[in-house]
Every structure is written in C-alpha cells, then in structure tokens.
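Reader: I should like to go through this structure by way of a few questions. Please let each answer end on the value or name requested.

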Amino acid sequence: MRGDGRIMKYPGSCFWYMAYSVNGKEVRESTKQTDEQRARRVLRNKIAEVLRGEAVPHENKLRLGDLYEMLTTDYETNGRRSLKTIPYALRHLRDFFGEGARAVAITTDRMQQYIKVRQREGAASATINIELALLGKAFTLAVRAKRLRTKPYVPKLASDPTRVRRGFFSREEVERLARQLPKPIGDVVLFLFFSTWRVGEARTLQWRDYDRAEAAIRLRPEHSKNKHGRLLPVEGELAVIMERRSAARRLDCPYIFHREGQRIGDFRKVWDRACRAIGLEGRIVHDLRRSGVRHLIRAGVPPHTVMAMSGHRTASMLKRYDIISLDDLRQAARRGSEYNGGQTAAVTPLRRENP
C-alpha cells in the first residue's frame, strides 16, 4: 500500500534494499539483510521511525569530517573565541579515527581506546577531556540536525591532581619580579596581580576604557573571556600604575599597555628570564591572577566582591584559586595551640622524664 515502502534487490548485490518516503522525498538504503522476511521487518521498523519523526536517512554516511564541519560552523556563527583551538584538538581525533570514519562507528569503546593512545603519547587528562568534549559537542549538533538518531556516551577522565597549578606569588615576589622586567611589562605584571584580570584582558585595554573622572576601568564584553563586561575601580596600587601609564601615553597608540607604541604581546621569554633571575623559575603568567585572588581574600575582601573584580561566574571556580599555603597552616596550628576557652594561655613545653 502507498506509504508502506518497498524492498528490492540490485543486480550483483546479496542484500535487500528498502525504499521509503521522508517529508515527500524517497530514500533508498540497504537493509543489510540477505533474507527477504528480515528485510521487510527492517523496513517496517524504519516506517515506524518515520511516523514517530525519528527517522534519520543515510546516517551511516555521516563522517568525522562532517562532524568537524558542523562543529566549526556552530563556533563561527556563535562567535566563540575558542574556534582557533578546534583544529589542534581535532587533529588527534582525525589521526586516530581517520578523516573518513563513519560517525556511527565512533563508539564509546573506540573512545576508550583513543584515551589509552593519547595517554601513551603523554597527553594530560584535561587535554584529552577537551578533545572528547569537542567530539561530544559535534555528536550533539548532528542529533539536533537529525543527521544521527543518538549520540554515544562520551567518557571523561578524572582530573590529575599532580597537574593542578598550585604556584602563587606573594606581594613581595610580584613587586620584585616587576622590578626585574622592562618597565611596561612590569606594569602589566603589577596590574594583573592587583586587578586579578586575565593577561588577554589587560592587553586589550585602551584609553577610552579608562574614565579618569570616575577613577574606573571598564572591560568591554567583547574582550572578556565569558563575554561579560565588568568594572574595575582604580584605587591604591592600581592608581599608581595608571599614573605611570598616563606619563608613558602616546598619541599614536590607543593601548594603555604598550612598548614603544606597540601593544604588549607575548612576553614569556623575558618573563622566564626574570623568574629565573630571582629564583622563581617555573612560574607562569596566569599565576598572577590566582595569586591576586588569594591576596584579596587574605586582605578580608568578601568573596562575592572578589568575583566581581576577577570575573569568576561561580564560587566553585573562585575556590580553586584560593590556595592555602604552608604559612596559612602554620598560623592555624599556632592559633589552635594558643586558644584556651577564649583566653590566651602560654604553651608549656613537655618535660622529658629522666630514664
């Protein structure tokens, strides 16, 4: 009957093929069955999927390259800044699965094998998670576009505690490091510590973002990682930094932080040399943001106010930056020893008995 579809055989093929209609267009696919009755059963199931709106014609033809294209298009249309990281992450997926790999063949089991290979290559758990998360996002887009019926479970590795950044600067170390660096970069270092901003955000600041009368700097949403603008009061050390930058201002350069009229770019080489010179080798620029958050919290600034300055959207993210140092633990132990029902008591040393 009309609408029930049909099955047929092509010359030279041992499989039965089926033909059915989706949205008024005929679709022909292999049933992958050599038995006629089983082929008819596959056709009936497919017709039922069409009636439920679940049919996905030719999903077996969707390739990894198609998933990559859908993911790239989504990132481009949504203006995601992480678009430039996609090619690097997907390069490893392509090397393992193959550019022409069928999407339905990329199963959870195959992803587990991918994890083992990447671990043998020395990739960090966080890196592998990012790569698989992109693959999972691509599968989600394919399901939404009705090019796949379902997406496989995407495994996620637990974070490796040995790779979590725990380095931080004291205020004295930051000031010593700033003196070791060229003055424009030293000002950037101090600004990052006292503002708790990201280095990319500081690089984009222009004089039009600074309101001298209001004594505040506004970060435009398009320059923020999470696309949320925020306000930074220029007080104390930040005011001193801005005075120095005002004295170094050039009419041919709109940027607050510059070197001889050129916006401050990547300064990791001079950073590494300066850190080695003062015995702080191994520190990274992002440690300044982490250290600045810790500095504000230790200064008694309420966490929600710190979040407003740093741009953290959740308290859990802020908590990761609030690192406890050995000095904090020493102070806690000392206070515990000295506490005696609300009264301070001298700690009597233990006497050693004569043998």
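Author: A residue counts as buried when its relative accessible area is under 20%. The model discussed here is predicted.

Reader: What share of the residues of the chain count as buried?

Author: The chain has 355 residues. With the cut-off at under 20% relative accessible area, the share that count as buried is 39%.

Reader: Is T31 buried or exposed?

Author: T31 is located in strand β3, which covers residues 25-33. Its relative accessibility is 5%. Since buried means under 20%, T31 counts as buried.

Reader: Which residue offers the backbone oxygen that the side chain of T31 reaches?

Author: Beyond its neighbours within four places in sequence, T31 is in contact with W16, Y17, M18, A39 and V42. The side chain of T31 comes to 2.7 Å from a backbone oxygen, and that oxygen belongs to W16.

Reader: The structure holds 9 aromatic pairs. What is the geometry of the pair formed by F96 and Y114?

Author: The ring centres of F96 and Y114 are 5.5 Å apart. Planes over 60 degrees apart count as edge-to-face. The planes of F96 and Y114 stand at 70°, so the pair is edge-to-face.

Reader: How many residues apart in sequence are the parts that this pair ties together?

Author: F96 belongs to helix α3 (residues 86-97), and Y114 belongs to helix α4 (residues 108-120). The pair therefore ties together parts whose separation in sequence is 18 residues.

How values were computed. Residues numbered from 1 in each chain as written. Predicted model: local features only at pLDDT ≥ 70, side-chain atom pairs only at ≥ 80, totals over all residues. Heavy atoms only, no water. Helix = DSSP H or I, 4+ residues; strand = E, 2+ residues; numbered from the N terminus. Buried < 20%, exposed > 50% of the residue type's maximum accessible area, 1.4 Å probe, protein only. Polar contact = N/O pair within 3.5 Å; in protein donor to acceptor, adjacent residues only side chain to side chain. Contact = heavy atoms within 4.5 Å. Phe/Tyr/Trp six-rings, centres within 6.5 Å; stacked < 30°, edge-to-face > 60°.
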